[in-house]
Amino acid sequence: MNSQTKTCGLDSLIFDNRFIRELPADPQTANTRRQVFGACYSRVMPAQVANPQLVAYSREVAELLDLSPEDCESDDFTQVFVGNRLLPGMDPYATCYGGHQFGVWAGQLGDGRAINLGETVNRRGEHWTLQLKGAGETPYSRTADGLAVLRSSVREFLCSEAMYHLGVPTTRALSLILTGEEVIRDMFYNGNPRPEPGAVVCRVAPSFTRFGNFQIFAARGEIDLLKKLVDFTIRTDFPHLGEPSLDVYLRWFEEVCRRTADMIVHWQRVGFVHGVMNTDNMSILGLTIDYGPYGWLENYDPGWTPNTTDSAERRYRFGNQPQIAFWNLGQLANAIYPLIEQVEPLQQAINSYVETFEPGWQAMVAAKLGLNVYDPATDDALNTELLILLQLVETDMTIFYRKLAQLVMDAELSNDALMAPLMDAYYVPEQLTDEYKTRLGNWLKSYIKRVQSSGIADAERIKIMNAANPKYVLRNYLAQLAIDKAEQGDFSMVSELLELLRHPYDEQPSKEGFASKRPDWARQRPGCSMLSCSS
Ligand code: AMP
Ligand code: MG
């Protein structure tokens, strides 16, 4: 294939930049850090970098954009998606938003290191916003540098795609590119800065609008801007709701509540802990957004958070995510109140979060147990006892649920025989006392009876469970091993994990090692069990 054909896919991308066409721009064009008033965004150019190198790209995201593997492997692709070259139709900008960080209003935040290149329209007529993360400073960079390091970029790139294949609503990642430049980071904010390789991820989503994009205008009393952004969001991302009106605002907010509830149910299903559920990290589309110090539950522990910045309060711990999402929706309700000016209907609308979460969570619990319906009469107690058992001894959540499908459904078997398929899930075999085994054995027997009384065939039970309980997730230590190699210039494990995580629910016999529980060396290693916001 000659180079002309190689670049034709890229150059034929069509842009239709609705956000900047229809919403007010920052009249100041200088790229200086400041408070930006009266505008939804500021135009800004990505920084030029010396020596970009493609680490990986997602073929599924490329397909969404009608790009071929040849397009993605071209030098042009690397230049464009590191920010060195603009394609015709691209018109880069950073958006203005605020947010509550750890429960406290933080004022203007904004795209401090994210630069939107534009909205491309694919052959199916879908709009996809392309956004570079780590491509240099913007008016919203505050005291930081607008850059990102390889370590956090590998994590964002792999996790976005892993979540998509797990069926969790998420922003996507097209590419991961080294800039060839160094970025200084003090990883644990403890006076040990070191140079790290810089990188840029190109994120892709129908919209990157966050709760904080609305909050900033409400906080500043810029109600005309608030209305413009809400109307725009409804027309572009929620067109099925009809033309904006008081009633449509409420139905829109209800839908945001429902989408958010759906996303959180998925997080709880797969054991994902976001780590920084600030309102600026909540997508208006209910997508998982901003992969920072996130983590995956290894041993089931609702109190766990990977984020060392949050280690004292653990506000964003696994078990608190459903409540935090609700609190964040309350902040969004406050932000749009000036458009509605009535408390009652907003309160009713926010109830749709609980009304979606409760049955969604129950259906999720049922699916994880291979049941076709959740019956509170039996399953409240069954699930409560299971969650206690999972915490009594260190139990790998992912392995436990996956292996539970292999249970021999015979309540007459001994506890040891029943437990045999589950043994891989335990981190500290000495914790398996006789007392524990008896209690787990009793639970397994009541589970067997519950399944049997439901009349569900074993093959069907296994099918339901294997579709709800992934075999492979982006275990914290696996991401760190891929990072260690990538920092040495070896990108093979990034590619290997990307490939593995395309089929998280399938058995992949040659990849069994990637389904193993966290090895002991990773228990306390930074990056594996503890992460800071430094990225
Ligand atoms: P986060 O909670 O990590 O999503 O980020 C909070 C805010 O800090 C957002 O406005 C980000 O754009 C900004 N931010 C984070 N890291 C950087 C950086 N290296 N340079 C500029 N802004 C940043
Ligand atoms: Mg953020």
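## A tour of two cavities and a buried strand

Select domain 1 (3-211) and domain 2 (216-295 + 304-362) and give them separate colours: both contribute residues to the lining of the second largest cavity, so that cavity lies between them. Keep in mind as you click around that this is a predicted model.

**Stop 1: the second largest cavity.** To find the spot, show Arg151, Arg155, Leu531, Ser532 and Ser534 as sticks; of the 15 lining residues, these lie nearest the centre. The space inside comes to about 110 Å³. Now select helix 6 (residues 150-166), which supplies the largest share of this lining, 3 residues. If you're thinking about what a probe would meet on the walls, the lining breaks down into 6 nonpolar, 7 polar and 2 charged residues.

**Stop 2: the largest cavity.** How many cavities of 30 Å³ or more does a search of the whole structure find? There are 3, and the largest holds about 130 Å³ of space. Centre your view on Phe19, Thr129, Ser207, Phe208 and Thr209, which lie nearest the middle of this cavity out of 15 lining residues. Leave the domain colours on here: domain 1 (3-211) and domain 2 (216-295 + 304-362) both give residues to this lining too, so the largest cavity lies between them.

Next, bring up the elements around it. Helix 2 (18-22), strand 4 (93-95), strand 7 (114-121) and helix 8 (223-237) each put at least two residues into the lining of the largest cavity. Which of them should you highlight? Go for helix 8, since its 3 residues are the largest share of that lining. Sorted by class, the walls of the largest cavity have 5 nonpolar, 7 polar and 3 charged residues.

**Stop 3: strand 9.** Hide the cavity sticks and select residues 172-185. Is strand 9 mostly enclosed or mostly open? Of its 14 residues, 10 are buried, meaning under 20% relative accessible area, so the strand is largely enclosed by the rest of the structure.

Now look at its partners. Strand 3 (residues 53-57) runs antiparallel to strand 9, and 4 bridges join the two. To see the register, pick Leu54 and look across to Ile177 in strand 9, which stands opposite. Then add strand 10 (residues 194-205), also antiparallel to strand 9 and joined to it by 10 bridges. A handy pair to label on that side is Glu182 and Pro197, with Pro197 in strand 10 standing opposite Glu182.

Technical notes. Residues are numbered from 1 along each chain as its sequence is written. Chains are lettered from A and ligands numbered from 1 in the order in which they are written. This is a predicted model: local features need pLDDT of at least 70, side-chain atom pairs count only at pLDDT 80 or more; totals for chains, interfaces and linings use all residues. Side-chain values use heavy atoms; hydrogens and water are left out. Buried means under 20% relative accessible area, exposed over 50%, partly exposed in between (1.4 Å probe, protein chains only). Helices (H or I, at least four residues) and strands (E, at least two) are DSSP runs, numbered from the N terminus. Two strands pair if DSSP finds at least two bridges between them. On a 1 Å grid over the protein atoms alone, a cavity is a set of points where a 1.4 Å probe fits but cannot get out, and a pocket is an open set with protein on both sides within 12 Å along at least five of seven lines; lining residues have an atom within 4 Å of a point. Grid points are joined across faces, edges and corners, and a volume is the space filled by probe spheres set on the points. Ala, Val, Leu, Ile, Met, Phe, Trp, Tyr, Cys and Pro count as nonpolar, Asp, Glu, Lys and Arg as charged, and the others, Gly among them, as polar. Domain bounds come from an automatic or database domain assignment.
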